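Trainee: I've never looked at this one before. Could you walk me through it?

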Amino acid sequence: MEYFAEFLAGIDDPSHRERTEEIFTWIKDNYPNLEPEIKWNQPMFTDHGTFIIGFSASKKHLAVAPEAVTITYVEDDIKKAGFEYTKELIRFPWNQPFDYSLLEKMIEFNIWDKANCTTFWRK
């Protein structure tokens with residue numbers, strides 16, 4: 001994914017970099033209307049100028065940030081999957097398969113819930 005090349009190059013572990021690139025490609029393939037952007041040094045996807053989902057990488061996990069309202073919406077799924085999370089992000093461990101169904105649920109909810117949103121973040 002060319003747009004995120006600099007971010008991806010900063011991920012030291014080749015398997016983590018590859019997985020992150022696969023996730024970004026999956027999003028672009030499944031949601032071609034979403035725009036890839038880098039803001040605050042973090043890769044994210046937006047829809048009509050509003051934030052949909054963002055990412056950050058660490059040694060132990062890929063953090064996915066969908067906004068607090070969305071965390072609340074998928075909280076039962078997060079707990080069932082056994083992921084650590086805060087009110088703003090979910091930690092997807094590198095040593096487990098990536099949960100695309102949870103990612104899809106978050107993206108779908110944000111696209112639907114923010115369809116008429118005119119700001120970057122929810123108010």
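Here is a short run of questions and answers on this fold.

Trainee: Let's start simple: how many helices and strands are there in the protein?
Mentor: Keep in mind that this is a predicted model. Going from the N terminus, the elements run α-α-β-β-β-β-α-α-β-β-α. Tally them up and you get 5 helices and 6 strands.

Trainee: And what radius of gyration does the protein have?
Mentor: The C-alpha atoms fill a box of roughly 40 × 35 × 25 Å along the principal axes. For 123 residues the globule rule gives 14 Å, and the protein comes close to that, so it is as compact as a globular protein of that length. The radius of gyration is 14 Å.

Trainee: Which strands stand at the edges of the sheet?
Mentor: The sheet is open, with its 6 strands in the order 1-2-3-4-6-5 and antiparallel pairing. A strand with a single partner has one side left without a neighbour in the sheet, so look for those. They are strand 1 (35–39) and strand 5 (84–85).

Trainee: What is the bridge partner of F55 in strand 4?
Mentor: Strand 3 covers residues 50–57 and strand 4 covers residues 61–65. The two run antiparallel and are joined by 4 bridges. In strand 4, F55 has as its bridge partner V64.

Trainee: At about what angle does helix 2 run to strand 2?
Mentor: Helix 2 spans residues 14–30 and lies across strands 1, 2, 3, 4 and 6. Helix 5 (residues 100–113) also lies across strand 2, strand 3, strand 4 and strand 6, but it runs at about 150 degrees to strand 3. For helix 2 and strand 2, the angle is about 10 degrees.

Trainee: How wide an arc do the buried residues of helix 2 cover around the axis?
Mentor: The buried residues are H16, R19, T20, I23, F24, W26 and I27. They sit on the same side of helix 2, because the arc they cover is only 155 degrees.

Trainee: Which exposed residues does the face of helix 2 turned away from its buried side carry?
Mentor: First, the buried side: its residues pack against helix 1 (5–9), strand 2, strand 3, strand 4, strand 6 and helix 5. Now flip to the face turned away from that side. The exposed residues there are P14 and D29.

Trainee: Last one: what share of the 123 residues in the protein is buried?
Mentor: A residue is called buried here when its relative accessible area is under 20%. By that cut-off, the buried share of the 123 residues is 43%.

Definitions and conventions:
Residues are numbered from 1 along each chain as its sequence is written. This is a predicted model: local features need pLDDT of at least 70, side-chain atom pairs count only at pLDDT 80 or more; totals for chains, interfaces and linings use all residues. Side-chain values use heavy atoms; hydrogens and water are left out. Two strands pair if DSSP finds at least two bridges between them. Contact means heavy atoms within 4.5 Å. Axes are lines fitted to C-alpha atoms, for helices over the stretch in contact, and angles run from 0 to 180 degrees between N-to-C directions. Buried means under 20% relative accessible area, exposed over 50%, partly exposed in between (1.4 Å probe, protein chains only). The arc is that of the directions from the helix axis to the C-beta atoms. The radius of gyration is taken over C-alpha atoms; the globule rule is 2.2 Å times the number of residues to the power 0.38.
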